[in-house]
Each structure stands twice: as structure tokens, then as C-alpha cells.
Amino acid sequence: MNIRLARVEDLPGMQACNLQNLPENYTMKYYLYHALTWPQLSYVAEEDGKIVGYILAKMEEDVSEGDEPHGHVTSISVLRSYRRLGLAKRLMIQSQEAMATVYKAAYVSLHVRKSNRAALGLYRDTLGFTVKDIEKGYYADGEDAYAMRLSLKHLAR
């Protein structure tokens, strides 16, 4: 299993992985915007040339006065038959390291459905994220989201 930086030609495979797994879907233009604006932050997991997982990440553009630069995980997904192999953790770590070293991000944020126990376990228990807030009705279907955050200061160089 190979983890590498995402390239423009990977975007259709990333979108296909997203469509197969997640209710939150994005236009190809949105994937392209991420890939061209923050080319160091999105990664893919591939096996035999097939995209089996990805992380789509960015630096937060609307940083309020007094807030530090920080990254944001827009989307992460691993095909069902490739789960429980540590791919999501590896994708997250690669992206976090790039946020800290390339963009000097102080922390990374993400949103996760309150009902997504598997993702919560990864973010909180494995990676050390903490819940900063609950965003009511965050998702299109009305489900609440946990707004989570992880400090990247230990990665700063």
C-alpha cells in the first residue's frame, strides 16, 4: 500500500472514493481548488494504481484576528474493504506534518458527525484530537457535528 501526495490526475479516483463512502460530496472544481492551492496537503492511498483512500486538506483561509494559522481536514475516506489497515491514520499524519512544516500551522481542525463512532475513535483516541464545540445542524441532513482540534506545535520546525 502506497501513501503519496495527491496529483491532479488522482482527483477522479478521490471523488469516486468519496461518492462510494460519504454523504458529503464535492464538485470536481472543489477538489481541483484544494489540489492547486495547497498541493502539499492532500494525499492518496493507492494499491496497484487504484485510489483506495484519500485525505483532502487545506489551510484555513478565514483566520480571525489573533488566531494562529491552522489547517483543516475537508474530507478523508478509505474504501470499506481497505479499512482497519491504518490507512486513515497514515493519511492524517502525512497531511498534519505537511501543515506544520510547510505552512507553520499551529493546529488542525475538522468536523465529524456525532454518530460516526469509528471516525471519532480515530480522531480522539488514536490521534489525540479534542472536541472544541458542537455545531448544531452542521450537515445537510441536519445532524450535528463535533468541531475537533489537534495541536501541531510538537511538529513545528
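Let us start with a helix resting on a sheet: in this predicted model, helix H1, made of residues 11-21, lies across strands E2 (43-47), E3 and E4. Compare its direction with that of E3, and you will find an angle of about 95 degrees between them. Helix H2, residues 28-37, also lies across E3 and E4, and it runs at about 65 degrees to E3.

What are these helices lying on? The sheet is an open one with seven strands, and if you walk across it you meet them in the order E1-E2-E3-E4-E5-E7-E6. Strands of a sheet pair through backbone hydrogen bonds, and they can do so in a parallel or an antiparallel way. Here the pairing is mixed. The edges are formed by strand E1 (2-5) and strand E6 (130-135); each has a single partner strand, so one side of each is left without a neighbour in the sheet. From one strand to the next, the twist averages 25 degrees.

For a look at one pair of strands, go to E3 and E4. Strand E3 covers residues 50-59 and strand E4 covers residues 70-78; the two run antiparallel and are joined by seven bridges. You can find one place to anchor your eye at Tyr-54, which stands opposite Ser-77 in E4.

Now move along to strand E7, residues 145-151, where you will find Met-148. Is Met-148 buried or exposed? Its relative accessibility is 2%, and because the limit for buried is under 20%, Met-148 counts as buried. Its surroundings give you a picture of that spot: setting aside neighbours within four places in sequence, Met-148 is in contact with residues including Val-108, Leu-110, Leu-120, Tyr-123, Phe-129 and Val-131. You can also use Met-148 to compare sequence with space: Ile-76 is 72 residues away along the sequence, and the two C-alpha atoms are 14 Å apart.

Helix H4, residues 117-126, is a good next stop. Five of its residues to look for are Ala-119, Leu-120, Gly-121, Leu-122 and Tyr-123, which are buried. What do the buried residues of H4 pack against? They pack against E4, H3, E5 and E7. After H4 comes Gly-128, which has a positive phi near 90 degrees.

That backbone angle deserves a short detour. Most residues other than glycine have a negative phi. With that in mind, look at Asp-48, which is not a glycine and yet has a positive phi of about 50 degrees. Asp-48 sits in the loop between E2 and E3, and with 79% relative accessibility it counts as exposed. Lys-104 is another residue other than glycine with a positive phi, in this case near 60 degrees. Lys-104 lies in the loop between helix H3 (87-102) and E5, and it is partly exposed, with a relative accessible area of 47%.

Next, follow the charges. Side chains of opposite charge can pair when their charged atoms come close. How many salt bridges does the structure hold? It holds nine. One of them joins the side chains of Asp-10 and Arg-4, with 2.6 Å from N to O. Asp-10 counts as buried at 6% relative accessibility, and Arg-4 is buried too, with a relative accessible area of 12%. Arg-4 and Asp-10 are also linked with Glu-46 in a network of salt bridges.

A further salt bridge pairs Arg-113 with Glu-143, whose closest N and O atoms are 2.6 Å apart. This pair links distant parts of the chain: Arg-113 belongs to strand E5 (residues 107-113), while Glu-143 is in the loop between E6 and E7, 30 residues apart. Arg-113 is buried, with a relative accessible area of 11%. In the salt bridge between Asp-144 and Lys-136, the closest N and O atoms are 3.5 Å apart. Here the two partners make an instructive pair: Asp-144 is buried at 17% relative accessible area, whereas Lys-136 is exposed at 66%.

Finally, turn to the surface, where Val-8, Leu-32 and Leu-36 form a nonpolar patch. Together these residues have about 260 Å² of accessible area. Leu-36 brings us back to helix H2, where it lies; Leu-36 is exposed, with a relative accessible area of 58%.

Definitions and conventions: Residues are numbered from 1 along each chain as its sequence is written. This is a predicted model: local features need pLDDT of at least 70, side-chain atom pairs count only at pLDDT 80 or more; totals for chains, interfaces and linings use all residues. Side-chain values use heavy atoms; hydrogens and water are left out. Two strands pair if DSSP finds at least two bridges between them. Helices (H or I, at least four residues) and strands (E, at least two) are DSSP runs, numbered from the N terminus. Axes are lines fitted to C-alpha atoms, for helices over the stretch in contact, and angles run from 0 to 180 degrees between N-to-C directions. Contact means heavy atoms within 4.5 Å. Patches are made of residues with over 30% relative accessible area and no salt bridge: like charges are joined within 9 Å, nonpolar side chains (Val, Leu, Ile, Met, Phe, Trp, Tyr) within 5 Å. Accessible areas come from the Shrake-Rupley method with a 1.4 Å probe; for residues, only the protein chains shown count as cover. A salt bridge is a side-chain nitrogen of Lys or Arg within 4 Å of a carboxyl oxygen of Asp or Glu. Buried means under 20% relative accessible area, exposed over 50%, partly exposed in between (1.4 Å probe, protein chains only).
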